[in-house]
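Visitor: I should like to learn how to read the features of a protein model in a systematic manner. Could we proceed from the whole chain to its individual residues?

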Amino acid sequence: MGLLSIIVPVYNAERYLKRCIESIINQLDGTDELILVEDGSPDKSGEICDYYAERYSYVKVIHQANGGVGKARNAGLKAACGEYIIFVDADDYVTADMVQTVKGYLDRKLDLIMFGQNPDSGRTVCKAAFDISIHDARMRRSFIKAVFSGKIASLETHHFYLRSSVAKAFCRRFLLENQIFFEEGVKIGEDMLYMLKVCGLFQRAGCVNQKIYYYYKNENSITNRYKPDLQDIIASYVRAIEPWLNMHPEYIPYHANYRLNDIILFIKYDFFHRENREKKSELKQRMEAILRKGNYFEYYLSSKQNDLLKSYGILKRITIWLAIHGRFFELRCIAKIKYGHHLLQCAGGKICRK
């Protein structure tokens, strides 16, 4: 078996894909493999994948009909032969010593190894390297809570980013024995759902302060586009997590607090997006209906009662408060200040520009 299987889901990534692949292939030898899962891209991503597979024996390509990032990662995981799995997104890239760094920790026989990301991503994993063995339920709960909040600072002085599946190495045997796969058909929160499964079952993990991953903030990514179907997208996530919450009801308050981030998503990608042509009165009415039907008032009260709102930055807390209290004008101002004129739609369907 190869030591590492690096899996890259690929969809409409021709602009960044070569940078991603070349940051990886120069580090690999015959013991490792790079698996490119081309997810039915309409652009030239498939051709780029085939180009590298023809020239490097350790590069494999899987072509499949478009099914989303979860399905692509699952396909890569099922085809992998390595002892450890690393997921890399096609518009990101890795450090020149990523493979060497990861291999330096494989002899510890850990289920999960977490590494650092570039400072620009704002995702600091830890301040020093150390290993953790889950020895009681309280410690495991701290990790699961961290997935919902996005970070944890309860173990000494260390900070983790646990909500993402990148910048990590997963033991393949651990994943397969526990049937840990990504939820397919979920377009939002799929990483969080995956890490809830991982943190609920792993026994030994390592945290390393070396950075191996560069997260690229792609403003033109499909994740940043107008989403008139955002309600349906969120509903698919809710359906996917319900079975897990039914088995672990003690985390319902943490899930309620996490759901308040939906409000931010609606503001960025729906309510005030430049492609939204609703009139002010229509938009305000729909926003109020969404917040009411989505139980966000109850989520807000739960978060206050459980002292969980502090997991959000001050601006997000203000934005959430304004939405909960129906302060439509102030929300429009927040959208303009925080997210720029390219995301703000004014009353009557006109677009505000600087």
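The dialogue below takes up the chain, its core, its helices and a few single residues in turn.

Guide: Please note at the outset that this is a predicted model.

Visitor: What does the secondary structure of the chain come to?

Guide: The chain has 14 helices and nine strands. Of its 354 residues, 55% are buried.

Visitor: How much of the contact set with a separation of 6 or more comes from residues 24 or more positions apart?

Guide: Such pairs account for 77% of the contacts in the chain with a separation of 6 or more. One case to inspect is Lys211 in strand 9, which spans residues 204–214. Lys211 and Asn118 lie 93 residues apart along the chain, yet their C-alpha atoms are separated by 6.4 Å. Lys211 itself is partly exposed, because its relative accessibility is 43%.

Visitor: Which residues touch the most other members of the largest nonpolar core?

Guide: They are Leu34, Tyr194 and Val198, in a core of 112 residues. Helix 8 supplies the largest share of this core, with nine residues. For Leu34, one may list the contacts that remain once neighbours within four places in sequence are set aside. These partners include Ile6, Val8, Ile21, Ile24, Ile25 and Leu28, and also Tyr58, Val59 and Lys60.

Visitor: Helix 8 has now been mentioned. How is a pair of packed helices described?

Guide: Two quantities serve for this: the angle between the axes and the distance between them. Here helix 8 (residues 230–247) packs with helix 9 (residues 252–259) at an angle of about 170 degrees, and their axes are 12 Å apart. Helix 8 is therefore roughly antiparallel to helix 9, since an angle over 145 degrees counts as such.

Visitor: Which residues make the contact between helix 8 and helix 9?

Guide: Helix 8 contributes Ile234, Tyr237, Val238, Ile241 and Leu245, while helix 9 contributes Ile252, His255, Tyr258 and Arg259. By class, the residues of this contact divide into seven nonpolar, one polar and one charged.

Visitor: Is Ile252, in that contact, buried or partly exposed?

Guide: Ile252 is partly exposed, because its relative accessible area is 42%. Ile252 and Ser302 are 50 residues apart in sequence, and their C-alpha atoms are 9.4 Å apart in space.

Visitor: Let us turn to burial within a helix. Which residues of helix 3 are buried?

Guide: In helix 3 (residues 69–79), the buried residues are Gly70, Ala72, Arg73, Asn74, Ala75, Gly76 and Leu77. Their cover includes strand 1 (4–10), strand 2 (33–38), strand 3 (59–63) and strand 4 (84–87), as well as helix 6 (172–177) and helix 7 (190–201).

Visitor: Why does Gly70 count as buried?

Guide: Gly70 counts as buried because its relative accessible area is 4%, and the cut-off is under 20%. Apart from neighbours within four places in sequence, Gly70 is in contact with Phe182, Glu183 and Glu184. The C-alpha atoms of Gly70 and Tyr194 are separated by 9.4 Å, with the two positions 124 residues apart along the chain. Tyr194 was named above among the core residues that touch the most other members.

Visitor: I should next like to examine the backbone. Which residue other than glycine has a phi near 60 degrees?

Guide: That residue is Ala167, whose phi is positive. Ala167 is placed in the loop between helix 5 (137–149) and strand 8 (168–171). Ala167 is buried, because its relative accessibility is 2%. Asp307, also not a glycine, has a positive phi of about 55 degrees. Asp307 is in the loop between helix 12 (296–305) and helix 13, and is partly exposed because its relative accessible area is 48%.

Visitor: What phi does Gly326 take, just after helix 13?

Guide: Gly326 takes a positive phi of about 70 degrees. Within helix 13 (residues 314–324), Thr319, Ile320, Leu322, Ala323 and Ile324 are buried.

Visitor: Finally, how many disulfides are counted?

Guide: The count comes to zero disulfides, where a pair of cysteine sulfur atoms within 2.5 Å would be required. As to accessibility, Cys207 counts as buried because its value is 1%, whereas Cys333 counts as partly exposed because its value is 32%.

Key: Residues numbered from 1 in each chain as written. Predicted model: local features only at pLDDT ≥ 70, side-chain atom pairs only at ≥ 80, totals over all residues. Heavy atoms only, no water. Axes fitted to C-alpha atoms, helices over the stretch in contact; angles between N-to-C directions. Helix = DSSP H or I, 4+ residues; strand = E, 2+ residues; numbered from the N terminus. Parallel < 35°, antiparallel > 145°, perpendicular 65-115°, else oblique. Contact = heavy atoms within 4.5 Å. Nonpolar A, V, L, I, M, F, W, Y, C, P; charged D, E, K, R; others polar. Buried < 20%, exposed > 50% of the residue type's maximum accessible area, 1.4 Å probe, protein only. Core = buried A, V, L, I, M, F, W, Y, C linked by side-chain atoms within 4.5 Å.
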